[in-house]
Structures are given as structure tokens and as C-alpha cells.
2 protein chains.
Amino acid sequence: ITMLGMICVRACSALVGFRAPTCVRSLHSFPGITVAQIDEEVAKLLELKAQLGDDGKTQFVLKTPKGTRDYNPKQMAIREKVFNTIIRCFKRHGAETIDTPVFELKETLTGKYGEDSKLIYDLKDQGGELLSLRYDLTVPFARYLAMNKITNIKRYHIAKVYRRDNPAMTRGRYREFYQCDFDIAGQYDAMIPDAECLKIVHEILNELDLGDFRIKVNDRRILDGMFAVCGVPDDKFRTICSTVDKLDKMSWEDVKKEMVNEKGLSEEAADQIGEYVSMQGGMDLAERLLQDHKMSQSKQACAGLSDIKLLFKYLQLFHVTDKVVFDLSLARGLDYYTGVIYEAVLTQAGTVSAANEAQNDTNAEESVSVGSVAGGGRYDGLVGMFDPKGRRVPCVGVSIGIERIFSIMEQKAEASPQKVRTTEVQIMVASAQKNLLEERLQLISELWNAGIKAELMYKKNPKLLSQLQYCEEAGIPLVAILGEQELKDGVVKLRVVATREEVDISRADLISEIKRRTEA
Amino acid sequence: ITMLGMICVRACSALVGFRAPTCVRSLHSFPGITVAQIDEEVAKLLELKAQLGDDGKTQFVLKTPKGTRDYNPKQMAIREKVFNTIIRCFKRHGAETIDTPVFELKETLTGKYGEDSKLIYDLKDQGGELLSLRYDLTVPFARYLAMNKITNIKRYHIAKVYRRDNPAMTRGRYREFYQCDFDIAGQYDAMIPDAECLKIVHEILNELDLGDFRIKVNDRRILDGMFAVCGVPDDKFRTICSTVDKLDKMSWEDVKKEMVNEKGLSEEAADQIGEYVSMQGGMDLAERLLQDHKMSQSKQACAGLSDIKLLFKYLQLFHVTDKVVFDLSLARGLDYYTGVIYEAVLTQAGTVSAANEAQNDTNAEESVSVGSVAGGGRYDGLVGMFDPKGRRVPCVGVSIGIERIFSIMEQKAEASPQKVRTTEVQIMVASAQKNLLEERLQLISELWNAGIKAELMYKKNPKLLSQLQYCEEAGIPLVAILGEQELKDGVVKLRVVATREEVDISRADLISEIKRRTEA
């Protein structure tokens, strides 16, 4: 039996990672098992091995799919902190939350993303419906509104989206990544919800403490009006707009070259655009452009400029104009924007690396700008695309660039001497002598029942030193030490890990003492 | 132009849901647009329509994929409450959390789920790796441990998993659903982590207040030993085990019939099994079976029985034995269990509907029992399947049946006269007269900055009545009313929605007054 068992074990290890359960089951030693049965098992395993056509080495690749990653507990702790800050802000503004499936009917996504549609992940046709993984949260949101005939909602949605992009994981670009959207849908008076979206960006970036930032604002109607009055042909609006969008990474000279040489725009039109897109300011600039002899010829541009004025008035009441700049070069990529658009960028030196990273970034939406950490705008037509009767539900929203924020927070955590705690454990229940497992279990049970976050080592007789070391490593601030003497005296020795101070606390007072000492 | 515009609009509405962006853009009225350009646009649209081959009616289906659903804000509020309770418990026990991608390499999932592999969602081969959506959280966890060579961790993971099962959505069974797993990995002394898992189930079910419950406990080794001593041939262990698993939905007579008639077991063996699987008890039963002349012949069974004894000893120290029963008929479906297994069931009348639902449920893992709301066990072999050297990392864990719990909580919420709030808004900033939008914006900004959850209506001049009605509907407890007089006096009229009581509060005291009145 030993010999055969060994063969079996060897066959088994060759198969590890393939079908080990078969092996493991065959190795169970049952009373009454016969040599013949083992022979049979071994034969089965060898046959299986032959079928696999392998030479005894496993070909098994232990990795996550390309462009994806696991989050370890430390990353999760940072992620949780960032999410909590953002969600707190969304809730402060009265947002509800919804969730949608990770995949949609393929046709729901069709025709919404232009050229980027090639980046959509499709599911295999296994019979039934054709499905695709969601590409963003905005299209599912619009589908949700139309499907449920909802005309008013303020909601946030935090979930993963999927793009078969060329991942650049060292630069924080993944194929699976979080989006973090806040949107206000409904027919309301001009610029009130739009202003709230900017207030939210301001609050979140302040609270996350990522350094100084600017929020650039523009309006799709101003851009379109500007193109019209500068003599850009209608059918070149989109392509010229996407060239303008590169101004945050390219010089004006290069942008102009692309317009004229590649896109066939007249030099005169390009120069006129160049004048406008260099303009930055506040309400005063909007005022000035409303008087501009050329710009004022476009009704569209005027409507956009009036709204920008109104927006700035509301932003003044919110005391956030210090960070907001009306910037005519801002031209966000997405087709579905119909009104105001905006984008927040970090302006500090610490984001230079992010700036360099963005250089090779060709995805219009993601690469929006150097250190871009939030963006959004008004999209009044999208929901209507899903409604059988084309009923429009005006929407305005903002997406927080959570992955870039994660990266920055992770870098900050790495640079900080303070360790990131991955649990919130307040106390370890330890023993100073042997044979006190039962007493530890009893005590920790009392603590759990009182809502105290507590751990113990899963050993019958752990050494006191290793229990204390565990606390140091995990950042657990307190230890409740049980020993023969303490049990006799009806006390627990409470040790403060940082100072090594120890004090006897009566069992009756222990819970309130722990709570007192660990109150945030 | 009007005529052509109308044609364009009509063509456009025929295309709604397909390519509206083209339409929307074509409808922008630019200064300088010519009739010829509009003609061209109309022609393009009609051509597009012809390509789509539709007769003017949209074929667009507005739905989520089969077996999936959106969560509306009310469902999300309930979901959040349940998650918070569960996460609080996991954190109280010192668990970290991790996250893994929604899809894995196809080969990672291969050979882990036996027959159920046919239920795995595969992604379309779009070049690159072959991918599948995760089927549970346990296999990705094992892959994560092996890949990162982690030998000790206590972690929870709450995420969606995917199964191409026959959905029974009215009965709470979906193709996309949450799993909520807590696992302890590491080489520890027997039964200490196992006992903690049961303590956790006890705490969560108590706190969720779902009614009375029982936690059934058994051990894979006791089952296997029992089969061996009852004369079940080795190669029939699995299939007989899955028949035993049906005892919670079928009578013993029917189970016996299936064993003898369908699975070809001898009547004598079946009867012997029947004697054992009718046994329920506590530590005493384990003690008695250790003396049982037949059972004691199996070393495996003895090892399992000794561990059950030890488990009960620890559970006594946790004061949870009132809910725990050692039940020899418990036989959880999953192949990978190697030691103790357990399952929590609701025992109250309120769960009868759940009981009926389970009748047609054929999925071994999901259908575990009438009103089953948690389950798990020890699986010491799974991580080794992913390790190139087959190194084992013993694991024990529990999965909370969160979807069933959601259903129950939703039913309870429906039945309750108390409305589920979908936001946490504390106060609405309202105006009693016209032309006070700016004052409202200024005040709400102060409140937001002070961390108060506040809303206003996005209208320049909303009616006071409609503002108050909104509060009633949304369950907002307070209203800050601004009027000319209040502004003159430097106060805000604070109204309690429930009692209609109103009191003037000075602006300086407003924030502390709101906090005082809305403290939970």
C-alpha cells in the first residue's frame, strides 16, 4: 500500500492545479480499502495525466487577467477611506444610490460610444441573449431611467466598468476599474443642479486633501458656436473639437498643425479658434464674450455664455469660485454632452508624474488632462435615446476619477511613516501562561457581544511575546492579558501596546475601560 | 427650413434608441446653416434608417439581461443596512477585506465546480486570454492566496458572482447575485477558527433579527466514515452523499428509494445509513458515536467526532450551543469540504414561503435547506490545487446567504407601516416667498460645509407647500424656512415636519440646533 500510495502521491503532484480533488479523494484512507482499488485509482490518475498531454510539469498560469488586479487588504483600506469620504459627500447632498447588472444587453450599449465601441467586452454566445460588460455607468443609468419612466432622481453609483483598452497598469490604467458617478436628472431651473455638481467636486477634493486644484468649466454650446463663427464646416465640428481637447498636452502650434494639415481646416479658421481657446477667466470673460462681435452672432454660444454667467453667480454663493475657471479650451471627448462641461485637475508639483503618464494616453475621456481627477457635464439627450417615445430627461452629472485618486493616496501612504491599518481591532485577548485557552475564549466572547473589536491567536498555548508582537505588527492598541493571578483576582491586565504601560482592571469595568481608551 | 426640420425630427424619432446622437447633433440650429445642409442630413438619416432595415418602429428592448435586476434606491437602502450589520461583525472579529477581478482566466475555474461548470459565463474570445466570470468567491480567494504565497489571513469578501442557472427571480434566485464570505486561512490548533465562524453566524443572525434559527453541524469525515462502515462502495460516496443532502426536502422513504433504486445501493446499507442520519444532538451524541461499535471502526469518523466534541466545548464558552445541533443528515454539496461543515436555517413560520421555494431547487450548494441563510465549512485542500508545489493552506469559512436575507428584509419592510428612507437628509432649505434662491443657496452651502445633510428644490421660486410635501414624502425631518422677515431678523424658521411645530433660530445657532435635533 505504501508503494502504491507513493505512486499515487507522485501522480497527484504532477496534476496539482488541474484535478487535485480526484487525487485528494483517492488518498483518503478508508477502512476496508483494497490494494485493487488503489491500483484502479492510480490507473485512473495516469490515464488522466496522459489525456492532459503534459510531461509532468504543470502549465498552470497563476495570475489575474490582463489589465486587472487584486486589491490586497492595505489597498482595500485606502479604497474604503476614499469611498467613505466621497459617499459621505454624495449623501450630504441628498443622493440616493442604485445598482445595475455588470452586463447589459449588447444592443443597450450599441451606438453609444462611437469608435470606442471596439473596447467593449462581449460575453460568449452560450445561447440566449447577447451580452456585454458595462463600459461606463452613464448609459446603464439612462437605460434605468427610461425603463422605469423616472423623470426626477439624484443618485450616485459606484461600481466597476470594463474596457478592452491597452492597459498601462503602472500608470494606473486598468481594464477593470471603478467609476464613481453622481447625477441629477430632471427638468429644473437653469444651472442650479449644475452648480451643485461643482460644489460637490470642490467638497470632495478639499476633503481628500490631494493638494491644490482647479475646476475648468466650458459649455458644449459655446464650443459649437465658436466653431460655427470661426468658419468650421458642420461636419468637422467633432474632429476639430477632439483636436482642441489635446491642448492640455500639446502646444497650440502642434494643435494648429493637426487642424490644418490633418483635418483640412483653413489656416484662417484655425487662427480664429486659437484666439478663443487661449482665453481663461470668470464671469467677466463670459460677459466680454457676450459682447464679442463675432461670438455674439451665434445664438448657441450666447445661450451657453449666459448660463456660464448664471453658473458663476451660484458658485459665488457657494464660495467656490477661487478654484473655478471658465476655460474655452476645455472640450471633453464624449459626444453626449449638450451643455456645461467641467473637469477638475490637480495643480501641484506632486502630480507631475501623473502629467507625464497622460502623455501617451489616447483615450479621450480618460486622458482629459494633466492630473484630471473629476469631470462631467450636462447631457440632456441620452435618456431620450432609450425612451420609445423619445421623451427627454435632462441630466447633469460628475464622475470622480477614483482610480487616479487611489494611486495618489497609495503613493502618499507609501511615503508616510504611519502604517496603514487593515483592520480596526481594538484589543487582543492574550494569555501569560499555558492552558488558558478556555478563559481567553470566554473573555473574547464577552467583548464581541459588547461590540468590541477583538482578536485572539488561534493557538492553545501561544507565547506572550508572539501575541504582543502580533499587536505591534497589526497596530492593535490594547492587550487584555489573562494569567493565573489575574483570574484569581477577578481582573484583567490591560496593556497599552505603544507605551507598554500595564494596569489591572476589574472584569466588571473592562468593557467601559476599553471603549474609553479607544474612542476615536 | 421648418418643413425640412420637421422631416428630420420625424426621421429622428423613428431612430430613437439606435443612433440618436447623430440626430441630436443634426438638429442643432447653427447660424449660417443652409437648406442644402439640412437636406443632406435628412438624406443621411433616411439612409441610416434603411440600413437598419426597420419599418419606422423601434425594435429596441428596454430590459436587463435574463436573471438580473437593477436595485432601486429602496432596495439599496435595505441592502446597505444588511451589509453594514454583516461587515460590522466581520470587522469586530478582526477580518481584513480583499477584492478580486469579476473575471478570472478560464483555466483558473476549470475543474473546480464539477458538473456545475456548465453554468459558468465565458467571455467572447476577442483575442488574448480566455476569460470567465467568477462563479463564487472561494476559488478566487484560493487563487489569491496561492499567487501571493499567503499562508495566514482572516478576510471577508462581498461581491457579485455569476451563474447561468435557470433563474427563478420571484423566488430570489438570480444569475447575478451577491456572495458574502468570511474565511480564516492558516495552520492553527483544531476547531478554534471553526468555532469562531459559528459564533459569527450566531451574531449576524441575531443582529439581523430574522427570527429563530438553528445551526446544523456535521463533518465530512464523519459522513465518509459512516458511508464506509455502512458498506457503501468508495465510488458511490459522492452520489450517496448528494442523496442524503436531500433529506431536508424529501422523506427518508423517498431518499432510501433513490439510494436503492436509482443509485444501486444495497437495502441493508441504506437502512444502516438511515439509522445514523436520523440522529441529532450535541456533544453527548458525538460522545455516544465514538463508543458506537460500528462507527468507531472508522478512524476518519473518530477524528471527525473528536473534533465535533472539541467544537461544542468552544461553542459552550461562546454561549451559542442553544442554536447549534450536531446533525448527521447534513451533507453540503461542495466537493472541496474536508472537515467540519455547517448550515444555518431559519425555523420560524415566516420562512415557510422560502421552504416552498426551495422545493424545485436543484443546485446543491444553494438549495442546502429550507430557509438556509448561511453555510460553510473547512476546506483544507483547495489552495493546494493552485500552488505549483501543492502546498496546503488549511481554510475554514462561512458564506452568508445574503440574497435570501435581502428578500426577507424586503418583505418585512413591505409589511411594516414605517417607510424605508432612501436618503439621510436632515433638513430641507426652503423659502416662504419668491426671489430667495440666492439666500437659499447661501444657507445650504453653510450647512453642507458644516457636514449637515441638506437639500433644496432646484427651482427659482418653488411653492412653500410643494417644498413641505417633498419633505413628507422623502421623510426629511426638518425644514429651514427663509422669508423676508426671517432674513431681516437674522433668523431661520425651523419647522419640525412631523409635528408642524415652528421656531425661530438665530443663524448663529442653526447648525448646532440641527445637529442636536437630528442626533441618532
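**A two-chain predicted model: sheet, cores and interface**

I begin with one residue pair: in chain B, B:Val491 stands opposite B:Ser506, which belongs to strand 16. Please bear in mind throughout that this is a predicted model.

That pair belongs to the pairing of strand 15 with strand 16 (residues 502–506) of chain B, which is antiparallel and runs over 5 bridges. The two strands form a hairpin with 5 residues between them, and there B:Arg500 takes a positive phi near 65°. Strand 15 of chain B also pairs with strand 14 (residues 478–482) of that chain, again in the antiparallel sense, over 4 bridges. Within this second pairing, B:Ile481 has B:Lys493 as its bridge partner.

How many of the 6 residues of strand 15 of chain B are buried? The number is 5, so this strand, residues 491–496, is largely enclosed by the rest of the structure.

Let me now place these strands in their sheet. It is an open sheet of 5 strands in chain B, with the order 13-12-14-15-16 and mixed pairing. Strand 13 (454–455) and strand 16 of chain B are the edge strands, each pairing on one side only. The parallel part includes strand 12 (residues 427–431) and strand 13 of chain B, joined by 2 bridges. One partnership there is that of B:Met428 with B:Glu455 in strand 13 of chain B.

After the sheet comes helix 20 (residues 507–518) of chain B, where B:Arg517 is found. B:Arg517 is partly exposed, at a relative accessible area of 30%. Leaving aside residues up to four places away in sequence, B:Arg517 touches B:Leu478, B:Leu494, B:Val496, B:Glu501 and B:Val503. Between B:Arg517 and B:Gln426 there are 9.2 Å in space, C-alpha to C-alpha, although the two are 91 residues apart in sequence.

I turn to the nonpolar cores. The largest has 134 residues, and those that touch the most other members are B:Phe90, B:Leu145, B:Met226, B:Phe227, B:Ile273, B:Phe326 and B:Leu328. There is also a second, separate core of 129 residues, which includes A:Leu145, A:Tyr156, A:Val232 and A:Phe326. In soluble globular proteins, nonpolar side chains tend to be buried together. Taking B:Leu145 as an example, its contacts beyond four places in sequence are B:Ile150, B:Ile153, B:Ala185, B:Val383, B:Val393 and B:Cys395.

In chain A, I would draw attention to helix 16 (residues 402–415). Its 14 residues reach 20 Å from first C-alpha to last, close to the 20 Å expected at 1.5 Å a residue. Which residues of helix 16 of chain A are buried? They are A:Ile402, A:Glu403, A:Arg404, A:Ile405, A:Phe406, A:Ile408 and A:Met409. The cover over these buried residues includes helix 4 (73–92), helix 7 (192–208) and strand 5 (176–185) of chain A. Strands 9 (340–346), 10 (372–378) and 11 (395–400) of chain A are also included.

Finally, the interface. Chain A contributes 121 residues to the contact and chain B contributes 122 residues. About 10700 Å² is buried between chain A and chain B, with 58% of that area given by carbon and sulfur atoms. On the chain A side, A:Leu62, A:Trp448 and A:Tyr458 lose the most area to chain B, together 8% of what that side buries. There are 18 salt bridges between chain A and chain B. One salt bridge joins the side chains of B:Lys124 and A:Asp122, at 3.9 Å from N to O.

Key
Residues numbered from 1 in each chain as written. Chains lettered and ligands numbered in written order. Predicted model: local features only at pLDDT ≥ 70, side-chain atom pairs only at ≥ 80, totals over all residues. Heavy atoms only, no water. Core = buried A, V, L, I, M, F, W, Y, C linked by side-chain atoms within 4.5 Å. Buried < 20%, exposed > 50% of the residue type's maximum accessible area, 1.4 Å probe, protein only. Contact = heavy atoms within 4.5 Å. Pairing = 2+ DSSP bridges. Expected span 1.5 Å × (residues − 1). Buried area = accessible area lost by both parts, 1.4 Å probe. Salt bridge = Lys/Arg side-chain N within 4 Å of Asp/Glu carboxyl O.
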